[in-house]
Structure formats: structure tokens, C-alpha cells
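This report describes selected features of one protein model, from its charged pairs to its metal site. Please consult the sequence and the structure shown below while reading.

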Amino acid sequence: MGAIELYRDGDHVNTLLDDATGIGLAVQANHHLIAHGKTGIILDPGGHKVFTQIFGDISNYLGGGELKYLFLSHQDPDIIAATNGWLMVTDADAYVSALWIRFVPHFGVDALVEDRLKPIPDEGMWLDLEGAQLMVLPAHFLHACGNFQIYDPIAKILYSGDLGASLGTDYREVPDFDSHVPYMEGFHQRYMVSNVAMKRWAKMVRQLDLEIIAPQHGALFRGEEMVNRFIDWCDGLPCGLDLNADVYQLPPKP
Ligand code: FE
């Protein structure tokens, strides 16, 4: 598992844990740890295949500190499958959209720990990490109907979940926006629900002071110019129902 420090200032450290190539058929995923003082939050911790390794890495990077939160951007298996394991071996609370609270337990959440699965209201919220405030922003329909992102105002990083995901690149930071588009275009056109959502999201995040946008899969966007190129691209991208409204046809007879 590769690890890169995205930001460090005093006792505030943002680390990217990258499972490099994915495992077999499983899609490559990025897992993020934000540590502040003696506490930490892990974002989209992933499924069973990476659980043991990520848990070991987290323990190293927290240096004796404690994991306070798991943040689950939405309900996909590459994000929530190992939630029970995390709740069993840490004292952390797991935050997920209120829409998914009753679905996550189907992956198996022990009765002993299910009260530590906490709902995020539709409008979002703030999480307190020993005095560092993290913003939980609504990013519904991008792609899940109950979907959130995290903004860290200290590191100026927006953790964008599946938005900005790319597949098949061998770089960790986007070097050239135009040549990167083919690695994310098909995914966004099919998984993101509508340009209506993209436009509203773009308007919301333009209010943030951003240095990095870090998606859950593939390469990240660093620097004001690259970040703005990405937001502009989302703003203008037809996707989901804009392109696929004709999909509702009965399949042809075999
Ligand atoms: Fe997803």
C-alpha cells in the first residue's frame, strides 16, 4: 500500500493510502486519513480485501492516536463493506447518509456496535476533530442519491468521493487536464445522474478555498488552475439522464 502525505502543518496531517492497482477485478481505490493531534478520521475505508492492511497503516500513521470517525461518502461496497470490522476494532463512530443507515447493516453490523453508525442529515454537517472542523457537504446524486463529500479547510482539500474518479492512469496527480479527460469521461457520463446536479455542485464548491480535489479512485487535482479546470468540466458535462433517457426500452427477444 503506497502512502503519500498530501498536507502537513504541525499536528495536522493528510495522508493518501493508495491500493495502487486494485485487487483482481476490484477497482483501484484511494483511502484518506486526516489526523489532527491525537485523533483521526478515515474516509471511505473500503472493503474486506484491504481492511487488514489499511487498519495496520492507520495505526502507524496515527502514532498511538485514536481513530475517531469513519466517513462513508455513500453506500457502495468499495466504501462500506468492511464497516463492521472497523467498528469492532476501533471506538470510532461511522457517519453515512441517513438514507443508507438501514441498508449498511445488511453487510453485517454487530448489534454491539450498531449504535455507532450515525446518520448524516441531507443538508450535511460538521465533524469536530479535536478542534479541527471538517465540513460534510451534500453531493447528492453524484452519484448516489444520499452522497456526501468532506472539505478540510486547514489543508484546503475537497475529498470528492466518486466525483473526479478516473480509471487506468499510472499517475497520482493529474499532469495535464485535457489528456486526463478520457480517463474519467465515460465513468461520469454513466454514473453521475444529471448535469443539473453537476451545475449545482459546481456553484457550491466554487465558494471554497481549494488547493486539492481528491477523488476516491485514480488521480487527484492539485493547484488552483487544475481544480478550476475540473469544476468547470463538471459544470458543463452532460451526463446520466441527459444522455441515457432512452434506455427505458424492453430488451429484444433472445
Ligand atoms: Fe460509488
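Which side chain meets that of Arg206 in a salt bridge? The partner is Asp235, with an N to O distance of 2.9 Å. The model under discussion is predicted.

## Salt bridges around helix H7

The bridge between Arg206 and Asp235 joins distant parts of the chain. Arg206 lies in the loop between H6 and E12, whereas Asp235 belongs to helix H7, which comprises residues 224-236. The two positions are 29 residues apart. Arg206 is classed as partly exposed because its relative accessible area is 39%.

This contact belongs to a wider arrangement: a network of salt bridges links Lys199, Arg206, Asp232 and Asp235.

## Other salt bridges

The count for the model comes to 7 salt bridges. One of them pairs Lys156 with Asp209, whose side chains meet at 3.0 Å, N to O. Here too, distant parts of the chain are linked, with the two positions 53 residues apart in numbering. Lys156 is placed in the loop between strand E10 (148-152) and E11, and Asp209 in the loop between helix H6 (195-205) and strand E12 (212-215). Lys156 has 32% relative accessibility and therefore counts as partly exposed. Asp209 is likewise partly exposed, its relative accessible area being 45%.

A further salt bridge is formed by Glu5 and Arg8, with 2.8 Å between the closest N and O atoms. Glu5 is partly exposed at 41% relative accessibility, whereas Arg8 is exposed, with a relative accessible area of 52%. The two residues fall into separate classes because the limit for exposed is over 50%.

## The iron site

Four residues coordinate the iron ion: His74 and His143 through NE2, and Asp76 and Asp162 through OD, at 1.9 to 2.3 Å. In sequence, these donor residues follow the spacing H-x1-D-x66-H-x18-D. The two aspartates come from distant parts of the chain, 86 residues apart. Asp76 is in the loop between strand E5 (66-71) and helix H2 (77-80), while Asp162 is in the loop between strand E11 (157-161) and helix H4 (177-180). Both Asp76 and Asp162 are buried.

The geometry of the site is irregular, the angles among the 4 donor atoms of the iron ion running from 83 to 168 degrees. A tetrahedral assignment is excluded because it would require all angles to lie between 85 and 135 degrees.

## Cysteines

How many disulfides does a search of the whole structure find? The search finds 0 disulfides. Cys145 takes part in none, and the nearest cysteine sulfur to its own, that of Cys239, is 16 Å away. Cys145 counts as partly exposed, at 35% relative accessibility.

Why is Cys239 not bonded to Cys234, which holds the closest cysteine sulfur? The separation of the two sulfurs is 8.5 Å, too far for a bond. The cut-off for a disulfide is a pair of cysteine sulfur atoms within 2.5 Å. Cys239 is buried, with a relative accessible area of 0%.

## A nonpolar surface patch

Leu241, Val247 and Tyr248 together make a nonpolar surface patch of about 360 Å². Within this group, Val247 is located in the segment after helix H8 (241-244). Val247 counts as exposed because its relative accessibility is 54%.

Conventions. Residues are numbered from 1 along each chain as its sequence is written. This is a predicted model: local features need pLDDT of at least 70, side-chain atom pairs count only at pLDDT 80 or more; totals for chains, interfaces and linings use all residues. Side-chain values use heavy atoms; hydrogens and water are left out. Patches are made of residues with over 30% relative accessible area and no salt bridge: like charges are joined within 9 Å, nonpolar side chains (Val, Leu, Ile, Met, Phe, Trp, Tyr) within 5 Å. Accessible areas come from the Shrake-Rupley method with a 1.4 Å probe; for residues, only the protein chains shown count as cover. A salt bridge is a side-chain nitrogen of Lys or Arg within 4 Å of a carboxyl oxygen of Asp or Glu. Helices (H or I, at least four residues) and strands (E, at least two) are DSSP runs, numbered from the N terminus. Buried means under 20% relative accessible area, exposed over 50%, partly exposed in between (1.4 Å probe, protein chains only). Donors are N, O and S atoms within 2.8 Å of the metal (3.2 Å for Na, K and Ca); water is not among the atoms, so sites may look incomplete. Four donors count as tetrahedral if all angles lie between 85 and 135 degrees; four count as square planar and six as octahedral if opposite donors are over 155 degrees apart and all others between 65 and 115; anything else is irregular.
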